[in-house]
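Dear colleague,

I am passing on to you the structure that we spoke about, together with some notes on what was found in it. Please have it open beside this message as you read.

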Amino acid sequence: MASAEPATIRSLDELDLIVDADSHVWDTMEDLYPYIDDKYSWAKRMLDTVSGHAPSTVFKRTTPTPEYGIRHRGRIHLYRDEDESYDLDVKLREMDDYGIDFGILDPGAGLDINTVTNTQFVDAIMNGYNSWILDQIGDDMPFKATMLAAPDRPRQSAAEIERVGDEDDIVAVSIPASGIEPPPGDRKYDPIYEAAEAKGLPVTFHGSVGSTPQAWPTVGRNAETMAEAHTVGHPLSAMWNLTTLIFRGVPERFPDLEFVYQECGLAWIPYMMWRLDDHYLENEEEMVMVEKLPSEYISEQFYFTTQPLGHTAANQKHLGQIVDMIGADSIMYSCDLPHPDHDPPQELFDRIKGSLSEEAVRGIMGENARELYGFGTV
Amino acid sequence: MDDDAHHVADVSDFADDTQRIIVDVDGREVAIFRIDGEYHALLNYCVHQGGPLCQGPMTGQSGVADDGTWIYDDESHLVSCPWHAWKFDIETGENVHDSRYTVPKYQVEATDGGIYVRLSE
């Protein structure tokens, strides 16, 4: 058990490896455009007229109040350059500040690709993002990346996995997790899961508050503030996605596929493990795709990144207890740079160092990510 | 029959294969099921939360065919607890989803028109 012996690590400095398992890039249309293959000539002609994150003309993301608005006026990033760019060199300065050794890069704007209704744009953006991210990672940089898949385009996503899935710098397939219609347990997505499993790549699910209303219309119609929408957006998506994945037999159909949940924190997971198991045991007639307790699939095939932990400071034991209930081997530290709700490593470390074993702490802070994604030190 | 064998019913008490009889054997409620001419005895106690398991419906089992079609196999013989619908295999006492949950079963035999249960192994 993870809590059987106290940790002997007292300082972050004693850790050999700290990995941010959810580190976002800032992927503007200007960035991606030069990397979109010329075969998407129609889309390129149209996309040449848009800029930034194109939140209404290409992506259809909505929030009730400005997303980071007044909290971070002009300073979404800690070290945003004067020209407002946020490239990997800026990210490295942030990581150095926090003592983070390695980052798993995830899309930014690309996480809303499931709000793009023009199918030609979807294919072009996916293609451009995957070529662009590969070109951003220099030879000596401490980064690996998830590649972008578009849930609404399963066959085209599978082709993208085939195109770039063998690249050394690609370690997972990122599936935008909010507003997926139908939910990710649907067989529609099997080509993505099949391609990812064949390449030995985990699939990561990362939500976005702006695309949440696609699957949860009341959030879009009735949330009065960004705080309301953000509080429920990620957990609603994660709980629904996890439920459909397991009850519709995705981990059963793809037993060698691993799933990573990002951006939802940890405390919801034990609740869902109990609840899924309970419904499995009480609804035999509906569990035709499920061969074992949902919590067993979760232990064997699912991973969870830690950010946002929530306000855990009031009690020094509770977070360690949550980790113990989930299983320390399934948990990976994430910072979520550069977003304003990020968790520095100390935020997590201080809450778990006193109640988990040294091995568990080292695993959560970095070694679990290295083992899952299969990268060495840089 | 030896002294451990409790006479709990007669064969003539069972009109068909879907019937069950619940009897008191030395203070324990035991259900006698007849399936395809074979008799099975389970404690009338759900190991989930103590519900009267054997008074719940007898069902077959859901499953999935090779082509993905959802099917219902009425050759399986499960009993479903009336409290939370946890289902147990009448022949083994095991929960259909998790064999760590198993209801005590007892030896039962039909001899000379009588049905006998042994509480000991």
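Which helices and strands of chain A cover the buried residues of H12(A)? Before the answer, please keep in mind that this is a predicted model, and that everything below was computed from it.

The cover of the buried residues of H12(A) includes three helices, namely H10 (268–282), H13 (345–352) and H14 (358–373), together with the strands E7 (302–305) and E8 (331–332), which also belong to chain A. Helix H12 itself spans residues 318–326 of chain A, and its buried residues are Leu319(A), Gly320(A), Ile322(A), Val323(A) and Ile326(A). When one looks down the axis of H12(A), these buried residues fall within an arc of 160°, and therefore they line one face of the helix. Just after H12(A) comes Gly327(A), which takes a positive phi of about 110°.

A second place to look at in chain A is Leu88(A), which lies in helix H3, a helix made up of residues 88–98. Is Leu88(A) buried or exposed? Its relative accessible area is 7%, and because buried means under 20%, Leu88(A) counts as buried. If residues up to four places away in sequence are left aside, Leu88(A) touches Val25(A), Leu105(A), Gln136(A), Ile137(A), Met141(A) and Phe143(A). For one of these, Ile137(A), the C-alpha atom is separated from that of Leu88(A) by 7.8 Å, although the two residues are 49 apart along the chain.

Turning to chain B, you will find 9 strands and 0 helices there, so that the elements, read from the N terminus on, run β-β-β-β-β-β-β-β-β. The C-alpha atoms of chain B fill a box of roughly 50 × 30 × 20 Å along the principal axes. The radius of gyration of chain B is 15 Å, which agrees with the value near 14 Å that a compact globule of 121 residues would have.

Of the 121 residues in chain B, 41% are buried. Where contacts in chain B join residues at least 6 apart in sequence, 45% of them join residues at least 24 apart. The exposed area of chain B comes to about 6400 Å², of which carbon and sulfur atoms supply 42%. As for charge, chain B carries 24 negative and 7 positive side chains, and the centres of these two sets lie 6 Å apart.

With kind regards

Definitions and conventions: Residues numbered from 1 in each chain as written. Chains lettered and ligands numbered in written order. Predicted model: local features only at pLDDT ≥ 70, side-chain atom pairs only at ≥ 80, totals over all residues. Heavy atoms only, no water. Helix = DSSP H or I, 4+ residues; strand = E, 2+ residues; numbered from the N terminus. Rg over C-alpha atoms; globule rule 2.2 N^0.38 Å. Buried < 20%, exposed > 50% of the residue type's maximum accessible area, 1.4 Å probe, protein only. Contact = heavy atoms within 4.5 Å. Areas by Shrake-Rupley, 256 points an atom, 1.4 Å probe, with all protein chains shown as cover. Lys, Arg positive; Asp, Glu negative; His and termini not counted. Charge placed at Lys NZ, Arg CZ, Asp CG, Glu CD. Arc of directions from axis to C-beta.
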